[in-house]
Amino acid sequence: MLAGGHMAAAARAEDDTPTKAQAELPREALTIESAKGVKHVFSVELATTPRQQRVGEMFRTSVPADRGMLFVWPYPQQSDMWMENTLVSLDIVFIGEDGRITAIAENAVPQSLARISSHGPARATLELQGGITEKLGIVVGDKVESKALAAPAG
């Protein structure tokens with residue numbers, strides 16, 4: 001949240017606080033390719049509006065291993081995520097402007113309010129099932145491809 005926006009956001013939150021999972025969002029294919037050429041394909045929901053991004057995976061009781069949610073930012077920026085009202089563990093993958101993974105937060109703790117930071121500019125943030133990046137060997141530097149990432153930022 002931007003500094004100075006706290007009071008307006010707090011007033012808005014009083015009548016716009018999510019209380020249930022959002023309906024499934026439009027999906028598209030997303031591929032993560034390792035340096036060795038191994039490809040992993042996911043079907044990801046696209047969280048494109050501020051409300052969709054704010055609710056994210058809140059209140060969902062599962063995230064299948066081949067699914068996730070992609071947050072594409074309007075420009076590369078610091079991405080801070082949290083697990084408020086998120087009932088399942090997630091791996092949070094930060095994607096740089098070049099389409100490569102810049103950081104991964106594995107097994108984020110359900111319902112935690114701790115910030116999970118990209119530690120630098122991210123073009124997009126991807127939420128996957130908790131533990132799946134380790135299981136599949138997905139690491140920083142792997143290439144992420146998706147139509148949503150092909151569009152220029154801004």
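**Exercise 1. Determine how strand β3 pairs with strand β6 in this predicted model, and place the pair in its sheet.**

Solution.
Step 1. Strand β3 covers residues 67–81 and strand β6 covers residues 116–129. The two run antiparallel and are joined by nine bridges.
Step 2. One position in this pairing is given by Met-69, which stands opposite Glu-127 of β6.
Step 3. The pair belongs to an open sheet of seven strands, whose order is β5-β4-β6-β3-β2-β1-β7. The pairing in this sheet is mixed.
Step 4. The edges are held by β5 (101–108) and β7 (143–146). Each has a single partner strand, so one side of each is left without a neighbour in the sheet.
Step 5. On average, and with direction ignored, neighbouring strands of the sheet are turned by 30° against each other.

**Exercise 2. State which pattern of helices and strands the chain follows along the sequence.**

Solution.
Step 1. The chain contains four helices and seven strands.
Step 2. Read along the sequence, these elements follow the pattern α-β-β-α-β-β-β-β-α-β-α.
Step 3. Contacts can be added to this picture: among those between residues at least 6 apart in sequence, 73% join residues at least 24 apart.
Step 4. Of the 154 residues, 41% count as buried. The chain exposes about 8400 Å², of which carbon and sulfur atoms supply 56%.

**Exercise 3. Describe how strand β4 is covered, which way its side chains point, and which strands it pairs with.**

Solution.
Step 1. Strand β4 comprises residues 90–95, and six of its six residues are buried.
Step 2. Leu-90, Ile-92 and Phe-94 point one way from the strand, whereas Asp-91, Val-93 and Ile-95 point the other way. Buried residues are therefore found on both sides of β4.
Step 3. With β5, strand β4 pairs in the antiparallel sense over five bridges. In this pairing Leu-90 stands opposite Ala-108, and Val-93 has Ile-104 as its bridge partner.
Step 4. The hairpin of β4 and β5 has five residues between the strands, and Gly-99 in this hairpin takes a positive phi near 85°.
Step 5. With β6, strand β4 runs antiparallel and is joined by six bridges. Here the bridge partner of Ile-92 is Glu-127, the residue that also stands opposite Met-69.

**Exercise 4. Is Val-93 buried or exposed, and what is it in contact with?**

Solution.
Step 1. Val-93 is found in strand β4. Its relative accessible area is 0%, so Val-93 is buried.
Step 2. Leaving aside neighbours within four places in sequence, Val-93 is in contact with Ile-101, Ala-103, Ile-104, Ala-124, Thr-125, Leu-126, Leu-128 and Thr-133.
Step 3. The C-alpha atoms of Val-93 and Ala-105 are separated by 6.5 Å, although these residues are twelve apart along the chain.

**Exercise 5. Explain why Gln-22 counts as buried, and identify what its side chain reaches.**

Solution.
Step 1. Gln-22 is found in the loop between α1 (6–16) and β1 (27–33).
Step 2. The relative accessibility of Gln-22 is 16%. Because the cut-off for buried is under 20%, Gln-22 counts as buried.
Step 3. Its side chain reaches the backbone oxygen of Gly-56 at 3.0 Å.
Step 4. Beyond four places in sequence, the contacts of Gln-22 are with Gln-52, Val-55, Gly-56, Arg-60 and Met-69.

**Exercise 6. Analyse the salt bridges of the chain by their partners and by the parts they join.**

Solution.
Step 1. The count comes to six salt bridges.
Step 2. Glu-24 forms one with Arg-67, the closest N and O atoms being 3.8 Å apart. Glu-24 lies in the loop between α1 and β1 and Arg-67 in strand β3, so the pair ties together parts 43 residues apart in sequence. Arg-67 is partly exposed at 32% relative accessibility.
Step 3. Arg-27 and Glu-45 meet at 3.5 Å, N to O. Arg-27 lies in β1 and Glu-45 in β2 (residues 39–47), so this pair ties together parts 18 residues apart in sequence. Arg-27 is partly exposed at 26%, whereas Glu-45 is buried at 3%.
Step 4. Arg-115 forms a salt bridge with Asp-80, with 3.4 Å between the closest N and O atoms. Arg-115 lies in the loop between β5 and β6 and Asp-80 in strand β3, 35 residues apart. Arg-115 is exposed at 62%, and Asp-80 is partly exposed at 27%.
Step 5. Glu-24, Arg-27, Glu-45, Glu-57, Arg-60 and Arg-67 are linked in a network of salt bridges.

Terms used: Residues numbered from 1 in each chain as written. Predicted model: local features only at pLDDT ≥ 70, side-chain atom pairs only at ≥ 80, totals over all residues. Heavy atoms only, no water. Pairing = 2+ DSSP bridges. Axes fitted to C-alpha atoms, helices over the stretch in contact; angles between N-to-C directions. Buried < 20%, exposed > 50% of the residue type's maximum accessible area, 1.4 Å probe, protein only. Contact = heavy atoms within 4.5 Å. Areas by Shrake-Rupley, 256 points an atom, 1.4 Å probe, with all protein chains shown as cover. Polar contact = N/O pair within 3.5 Å; in protein donor to acceptor, adjacent residues only side chain to side chain. Salt bridge = Lys/Arg side-chain N within 4 Å of Asp/Glu carboxyl O.
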